[in-house]
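Visitor: Could you take me through this protein model, starting with its strands and then turning to its helices?

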Amino acid sequence: MTAIDRRDLSQLSAILATATTKIAKPVKARPAPANDNKPVKANLAWPALERLAHRGDMARAFALRHWRNLANPGSGYEAIAEAEDIEEAGLEIRPTEAGTLRAIGWNVTGQDRWKHTGKLVPTYERDREVEPVSTRNRLGGTDTRFGDLQFRDGRLISWGTTAKGRDLKPVERASGVKGGQTVGRSAAAVWSYLRLAGAVSPLAAKHLHRPFSSQLAVRDCYEPLPAETPSAKDPQGRFGVEEARAVLKALGVDGSVPFERLPVPAAREADALLAAGKFVGGVKKPKPLGEISASAGPEPAVMKLVETRSHLSYLRHHLGDHARVLDLAIANTSAKDIGVAMGLSESYAEKRGPALIDAAIDALLAIDETARTTDEMKMAA
């Protein structure tokens, strides 16, 4: 093989071709699946709800989520009370938020409502500038004073002083029962009811006579059971109602005979209240609905489930085909598939599907008030 003259530019193309030519690597074939499975196109988890949320239609999104909770109880997220609210309800903590900020130079100016939670919170304004001052105590630790707050080795030991100069120490204890204790009926209240004039006996009461005719216009609605003599079928027999009433009247039990004229001698003792007795008679002022619900405790889960199913059946009956659309809309079904399921062609279902969902949600909002948001309920009222 003859050497190529490096200075001969006529052979430049051959030199470049020799230097740049590489052997192509064989392309490896992708492993084929053992069966004929094909990759599934990724779908949205909840297309109907995400479409409503994307366009900002929160009223329909709330109603659709409400239908999902009715159709599938327990599938939705149930918000629980925040840990801060639970602690405040069961604990008495001092200093409070306002007391802590007041100790470092911030005063309460009013109240404002948070936009993201709607909770009413106090607003503060700086009154004075406060800088922390740290010193070494005799035990080798660090005492830090930040306004009226005094810390020892990072632990709050005082947050102010009283009018007499005593230190206010932090407190964290179980809070007592709020409100007054329920006071039972006094003896005077019991006696005032017992001494009321009672009504006459039902056996001695008489209706107002207004005779228009000698003939009965309406027959008796209740026919007293007559007496029956003993027989082989009923050896005991039966004492009639009229006979029993006659015996009671003869004994004076119905109240028609004064106590002094009773056929059986009886002695009248002085009236007295039973010690530690429970008085249940009289007219009692009814409690508000909130107190009744609180005293009765939470509603059983079974009762809530039964009421939910009954309400769902009522809605399905009045919604008709809209209920079927809502059932499809709370799954991962696309608007096109919902339109096809409702009998539309594939080309038209993709355009008409969103309108079917909106119409079904509007029908739900018109029937069920609980599917509306708080703002909508206020506007309707």
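**Strands, turns and a helical core**

Guide: In this predicted model, strand β5 (residues 142–146) runs antiparallel to β6 and is joined to it by four bridges.

Visitor: Which residue in β6 stands opposite Asp-143?

Guide: Strands β5 and β6 are antiparallel and share four bridges, and they form a hairpin with two residues between the strands, where Gly-147 takes a positive phi near 70 degrees. Across this pairing, the residue in β6 that stands opposite Asp-143 is Arg-152.

Visitor: Which residue takes a positive phi in the hairpin of β6 and β7?

Guide: Strands β6 and β7 also pair in the antiparallel sense, over three bridges, with Arg-152 standing opposite Arg-155 in β7. The loop in question lies between β6 (149–152) and β7 (155–158), and the hairpin has two residues between its strands. Most residues other than glycine have a negative phi. The residue that takes a positive value here, near 55 degrees, is Asp-153.

Visitor: Is Asp-153 buried or exposed?

Guide: Asp-153 lies in the loop between β6 and β7, and the cut-off for calling a residue exposed is a relative accessible area over 50%. Because its relative accessibility is 55%, Asp-153 counts as exposed.

Visitor: What is the omega of the peptide bond from Arg-94 to Pro-95?

Guide: Pro-95 is found in the loop between β1 (91–94) and α5 (97–103). Most peptide bonds are trans. The bond from Arg-94 to Pro-95, however, is cis, with omega near 5 degrees.

Visitor: Which helix gives the most residues to the largest nonpolar core?

Guide: The largest nonpolar core has 26 residues, and those with the most contacts inside it include Leu-64, Trp-67, Leu-319 and Ile-361. At least two residues of this core come from each of α2 (47–54), α3, α9 (301–319), α10 (321–329), α11 (335–341) and α12 (346–367). With six residues, the helix that gives the most is α12.

Visitor: Which residue does Trp-67 touch in the list that ends with Ile-330 and one further name?

Guide: Trp-67 is among the residues with the most contacts inside the largest core. Leaving aside residues up to four places away in sequence, Trp-67 touches Leu-312, Leu-315, Arg-316, Leu-319, Ala-323, Leu-326, Asp-327 and Ile-330, and also Leu-364.

Visitor: Is His-66 buried or exposed?

Guide: His-66 has its place in helix α3 (residues 58–71), and among residues beyond four places away in sequence it touches Asp-368, Thr-370 and Ala-371. Since buried means under 20% relative accessible area, His-66, with a value of 16%, is buried.

Notes: Residues numbered from 1 in each chain as written. Predicted model: local features only at pLDDT ≥ 70, side-chain atom pairs only at ≥ 80, totals over all residues. Heavy atoms only, no water. Buried < 20%, exposed > 50% of the residue type's maximum accessible area, 1.4 Å probe, protein only. Contact = heavy atoms within 4.5 Å. Core = buried A, V, L, I, M, F, W, Y, C linked by side-chain atoms within 4.5 Å. Pairing = 2+ DSSP bridges.
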